[in-house]
Amino acid sequence: MEKIVIFGKGGIGKSTVAANLSAIYALSGKKVIHVGCDPKHDSTVGLVDGALIETFMEKHARIFGVRDRQSLGPRDLLVQGRLGIDCIEAGGPEPGVGCAGRGISMMLEAFQDLDILKAGAYDVGVFDVLGDVVCGGFAAPLRKGFAEKIVIVVSEELMALYAANNIAKSVRTYASNGVYLAGLVANLKDGKADRKRLERFAKLVGTKILEYVPRDLAVREAEFAREKTVVERSPKCPFSKSLRSLAAKILAVKKEKCPIPTPMNDKQFYGGW
Ligand SMILES: Nc1ncnc2c1ncn2[C@@H]1O[C@H](COP(=O)(O)OP(=O)(O)OP(=O)(O)O)[C@@H](O)[C@H]1O
Ligand SMILES: [Mg+2]
């Protein structure tokens with residue numbers, strides 16, 4: 001099973017990229033599980049006909065205290081989305097209350113207990129993980145051996161690269177768990193952005209840019225329509241073409257070809273490059 005984890009700064013396009021990757025893999029006949037690790041629980045919206053599914057944390061409150069844990073199975077946690085994709089969202093606490101990362105840890109523990117990712121169950125798992133991993137909760141997929149192939153979504157903006165540099169630090173920290181950085185996805189805000197700078201950044205961090213994804217109105221249209229992913233709704237648009245190329249490249253990346261990342265320290269990062 002390929003366990004692909006999409007990380008990146010808030011609002012950078014993680015969920016958009018992740019949901020469309022899941023759809024592409026499912027359309028190609030693979031059995032896919034899509035795991036939203038974000039309290040906003042919106043990663044699977046495009047995969048379940050625009051619905052917000054009951055989150056793991058909500059299910060946990062409803063079921064786990066009432067039913068014997070032994071009687072629970074994967075179907076109690078997973079929601080069948082379109083294209084046969086199994087979907088789950090960690091969910092999280094009310095804003096301002098509790099720790100959002102805890103929901104992710106609890107969900108991953110339940111994955112272990114119920115053996116949800118057992119061999120043969122899925123060809124591909126796509127994890128969509130919030131933020132820039134300053135909080136250990138969001139690094140749970142790296143720590144607990146769920147994540148393997150890390151893909152970081154960036155843009156040409158400095159803070160997106162700062163977050164990517166931080167995530168690369170987490171990948172380096174957990175490299176002994178089998179975690180490796182497959183590459184960056186440049187989800188460009190401006191088509192004329194300086195790609196050379198992005199290439200320089202990738203080289204310094206010891207990775208590469210897998211794909212340049214264009215800004216595309218079709219993404220917003222699909223998001224408002226809330227019924228399908230972009231690749232299903234507008235398969236010929238530039239974004240969909242780019243995502244199909246990315247999907248193939250991610251699968252083709254081999255762990256042996258991915259060195260341990262070499263993130264910059266803050267002084268280097270702000271020193272200019
Ligand atoms: N290539 C693109 N072209 C046009 N719009 C895009 C593109 N990528 C992302 N967007 C838009 O940018 C916004 C943020 O995207 P998305 O929700 O995927 O980001 P995110 O990283 O998951 O955010 P969060 O950290 O809040 O979960 C969305 O409204 C999405 O439609
Ligand atoms: Mg998101």
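Me: Ala, Val, Leu, Ile, Met, Phe, Trp, Tyr, Cys and Pro count as nonpolar, Asp, Glu, Lys and Arg as charged, and the others, Gly among them, as polar. How many residues of each class does the shell around ligand 1 have?

Reply: The shell around ligand 1 comprises five nonpolar, seven polar and seven charged residues. This is a predicted model, in which local features need pLDDT of at least 70 and side-chain atom pairs count only at pLDDT 80 or more, while totals for chains, interfaces and linings use all residues. Residues are numbered from 1 along each chain as its sequence is written, with chains lettered from A and ligands numbered from 1 in the order in which they are written.

Me: What makes a residue part of that shell, and which are the closest to ligand 1?

Reply: A residue is near a molecule if its C-beta atom, placed from the backbone, lies within 6 Å of it. Ligand 1 is surrounded by 19 residues, and the closest are Gly13, Lys14, Ser15, Thr16 and Val219. Two elements, α1 (14-27) and α8 (217-225), each give two or more residues to this shell.

Me: What is counted as a helix or a strand, and how many of each does the protein chain have?

Reply: Both are DSSP runs numbered from the N terminus, helices being H or I with at least four residues and strands E with at least two. On that basis the protein chain has 11 helices and eight strands.

Me: How do you know whether the radius of gyration of the protein chain agrees with that of a compact globule?

Reply: The radius is taken over C-alpha atoms, and the globule rule is 2.2 Å times the number of residues to the power 0.38. For 273 residues the rule gives a value near 19 Å; the protein chain has 18 Å, and therefore agrees with it. Along the principal axes, the C-alpha trace spans about 55 × 40 × 40 Å.

Me: Why is β5 called largely enclosed?

Reply: A residue is buried if 20 or more other C-beta atoms lie within 10 Å of its own, exposed if 12 or fewer, and partly exposed in between. Six of the six residues of β5 are buried, so the strand is largely enclosed by the rest of the structure. Val124, Val126 and Asp128 point one way from β5, Gly125, Phe127 and Val129 point the other way, and all are buried. In a regular strand, side chains alternate between the two faces of the sheet. Strand β1 (residues 2-8) is mostly covered, with six of its seven residues buried. In the protein chain, buried residues make up 47% of the 273.

Me: What makes two strands a pair, and in what order do the eight strands of the sheet stand?

Reply: Two strands pair if DSSP finds at least two bridges between them. The eight strands form an open sheet of mixed pairing, in the order β3-β4-β2-β5-β1-β6-β7-β8. Strands β3 (79-80) and β8 (209-213) are the edge strands, since each pairs on one side only. Strand β2 (residues 32-37) runs parallel to β5 (residues 124-129) and is joined to it by six bridges; His34 stands opposite Val126, and Gly36 opposite Asp128. Five bridges join β1 to β5, again in parallel, and Asp128 is the bridge partner of Ile6. On β6 (residues 149-154), five bridges likewise tie β1 in parallel, with Phe7 partnered by Ile152.

Me: What is called a nonpolar core, and which residues have the most contacts inside the largest one?

Reply: Such a core is a set of buried Ala, Val, Leu, Ile, Met, Phe, Trp, Tyr and Cys residues joined through C-beta atoms within 7 Å. The largest has 80 residues, and Ile6, Phe127 and Ile150 have the most contacts inside it. Helix α1 gives the largest share of this core, eight residues. Two residues are in contact if their C-beta atoms, placed from the backbone, lie within 7 Å. Beyond four places in sequence, Ile6 touches residues including Lys14, Val17, Phe127 and Val153.

Me: Why does Arg172 count as partly exposed rather than buried or exposed?

Reply: Arg172 has 17 C-beta neighbours inside 10 Å and therefore counts as partly exposed. Arg172 lies in helix α6 (residues 158-173) and, leaving aside neighbours within four places in sequence, is in contact with Ile260, Pro261 and Pro263.

Me: What stands out in the phi of Leu83?

Reply: Leu83 has a positive phi of about 60° although it is not a glycine. Most residues other than glycine have a negative phi. Leu83 is placed in the loop between β3 and β4 (86-89).
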